[in-house]
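Here's a quick briefing to read with the protein open in front of you. Have a look around first, then work through the points below.

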Amino acid sequence: MASKITFIGAGNMAGAIIGGLTQSGAAPESITATAPNQDELTAIGERLGIHTTTDNAAAVADADVVVLAVKPQIMREVCQKLADSVQKARPLIISIAAGLDATTIDEWLGGGNALVRCMPNTPSLVGQGASGLYANARVSDAQRQIATRLMQAVGIVEWVEDEALLEAVTAVSGSAPAYFFLMFEAMEDAGVTLGLPAETARRLAIQTALGAATMASQSEHDPATLKQNVMSPGGTTERAIAHMEDANLRQTIAEAMQACAERARQMADELAKG
Ligand SMILES: NC(=O)C1=CN([C@@H]2O[C@H](COP(=O)(O)OP(=O)(O)OC[C@H]3O[C@@H](n4cnc5c(N)ncnc54)[C@H](O)[C@@H]3O)[C@@H](O)[C@H]2O)C=CC1
Ligand SMILES: O=C(O)[C@@H]1CCC=N1
């Protein structure tokens, strides 16, 4: 890992990534996090043993890697104030902000930067994230490896070579934890209707998802085969799946993901215009 990493922002995502980095052997003293609020910094500094400061520009001055981990809506202001320091230090920039394209962030930082854009998801908070990464033309192979190792600290990493594909990544993984949470809600409600206590239905549904995901990630078989293996001919699963297919569940999922990717495109335009 590069010698010095600065996180601009010390919230949920920064905390998760820093926690993953230190657990995987990165030296806490090589990591700095910034935020305007001293209480927040004291808490993360004590928890993770890292440096903290309210001074964004100073934290960037001697950094090899700068991770932009503030909310998209304040990114323009934060970047424009950082531009001078970034132009002098020329660190690798990694943005984890949803929706902001690489060219816009680079421009706000004065231009000419090696910049990786990342679409993470919230299971990163428990080390089970899935991130899509895109590098602009100035990013070297060594810098790609740095970005890979950084995001691998909280989950799996997939690179895309066309930035527009991050909209597809948003639909497949960035927003997707919510699809599964919706499924848990629906299964819990249906379990209650069938007579189970809510807590029992919730625990069974969540553990089943965990088990199915673990099986799918470890199995040599594709999901269609694993599904078929549960469906005894003339049995209960076949009946349930037939209902889902008749109700066009696949089509609903496809349309929802199209809408998600389309909204990612719109948000990028809105945020770039400010
Ligand atoms: N794809 C996804 O599901 C997710 C994407 N993200 C992205 O990660 C980024 C961070 O999100 P969270 O960690 O959840 O937000 P958060 O609200 O927990 O953290 C934001 C941090 O920025 C700090 N901050 C505010 N103003 C600042 C300034 N001027 N200078 C430095 N720090 C400042 C806050 O004090 C806080 O520490 C966002 O851009 C979000 O889009 C985060 C979570 C999941
Ligand atoms: O819903 C959103 O806009 C963000 C981007 C991906 C996940 N959450």
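Which residues does N56 touch, not counting residues up to four places away in sequence? The answer is I8, T34, V78, K81 and L82. Keep in mind that this is a predicted model. The protein has twelve helices and eight strands, and its C-alpha trace spans about 70 × 40 × 35 Å along the principal axes.

**The big picture**

- Of the 274 residues in the protein, 34% are buried.
- Take the contacts with a separation of 6 or more: 66% of them are between residues 24 or more positions apart.
- The domain assignment splits things into domain 1 (5-163) and domain 2 (177-266).
- Measure from centre to centre over C-alpha atoms, and those two domains are 34 Å apart.
- UniProt, in an unreviewed entry, lists residues 4-99 as "domain: Pyrroline-5-carboxylate reductase catalytic N-terminal".
- That span, residues 4-99, is 49% helix and 20% strand, and its end C-alpha atoms lie 26 Å apart.

**The annotated binding site**

- An unreviewed UniProt entry puts a "binding site" annotation on I8, G9, A10, G11, N12, M13, A69, V70, K71 and P72.
- These residues are spread over 65 residues of sequence, yet they cluster in space, with a largest C-alpha distance of 14.2 Å.
- To see one of them, find A10 in the loop between β1 (5-8) and α1 (12-23).
- Is A10 buried or exposed? It counts as buried, because 26 C-beta neighbours sit inside 10 Å and the cut-off for buried is 20 or more.
- Leaving out residues up to four places away in sequence, A10 touches G15, A33, T34, A35, E40, L41, I44 and T52.
- Now jump to P72, which lies in helix α4 (residues 72-89).
- P72 has 18 C-beta neighbours inside 10 Å, so it counts as partly exposed.
- Its contacts, again skipping residues up to four places away in sequence, are A97, A98, G99, L100 and L271.

**Back to N56, and on to V60**

- UniProt (unreviewed entry) also has a "binding site" feature at N56.
- You'll find N56 in helix α3.
- N56 counts as buried because it has 21 C-beta neighbours inside 10 Å.
- V60 is in helix α3 (residues 56-61) too.
- With 24 C-beta neighbours inside 10 Å, V60 counts as buried.
- What does V60 touch, not counting residues up to four places away in sequence? Its partners are T6, V66, L82, S85, V86, A89 and P91.
- L82 turns up for N56 as well.
- For a sense of scale, V60 and L150 are 90 residues apart in sequence and 17 Å apart in space, C-alpha to C-alpha.

**The two ligands**

- How many residues surround ligand 1? There are 27, and the closest are G9, G11, M13, A35 and A97.
- The elements giving two or more residues to that shell are α1 and α4.
- Sort the shell around ligand 1 by chemistry and you get 16 nonpolar, nine polar and two charged residues.
- Some names should ring a bell: G9, G11 and M13 are among the closest residues to ligand 1, and they are also in the UniProt "binding site" annotation.
- A35 and A97 are on that closest list as well; A35 is one of the residues that A10 touches, while A97 is one of those that P72 touches.
- Ligand 2 is surrounded by A98, T170, G174 and S175.
- The shell around ligand 2 has one nonpolar residue, three polar ones and no charged ones.
- A98 is also a contact of P72.

**Two backbone oddities to look up**

- R90 isn't a glycine, but it has a positive phi of about 50 degrees.
- Look for R90 in the loop between α4 and β5 (92-95).
- R90 counts as partly exposed because it has 13 C-beta neighbours inside 10 Å.
- N248 isn't a glycine either, and its phi is a positive value near 60 degrees.
- N248 is in the loop between α11 (236-246) and α12 (249-273).
- With 11 C-beta neighbours inside 10 Å, N248 counts as exposed.

How values were computed. Residues are numbered from 1 along each chain as its sequence is written. Chains are lettered from A and ligands numbered from 1 in the order in which they are written. This is a predicted model: local features need pLDDT of at least 70, side-chain atom pairs count only at pLDDT 80 or more; totals for chains, interfaces and linings use all residues. UniProt positions are given in the numbering used here, feature names are shortened, and annotations may be inferred rather than shown by experiment. Helices (H or I, at least four residues) and strands (E, at least two) are DSSP runs, numbered from the N terminus. A residue is buried if 20 or more other C-beta atoms lie within 10 Å of its own, exposed if 12 or fewer, and partly exposed in between; C-beta atoms are placed from the backbone. Two residues are in contact if their C-beta atoms, placed from the backbone, lie within 7 Å. A residue is near a molecule or strand if its C-beta atom, placed from the backbone, lies within 6 Å of it. Ala, Val, Leu, Ile, Met, Phe, Trp, Tyr, Cys and Pro count as nonpolar, Asp, Glu, Lys and Arg as charged, and the others, Gly among them, as polar. Domain bounds come from an automatic or database domain assignment.
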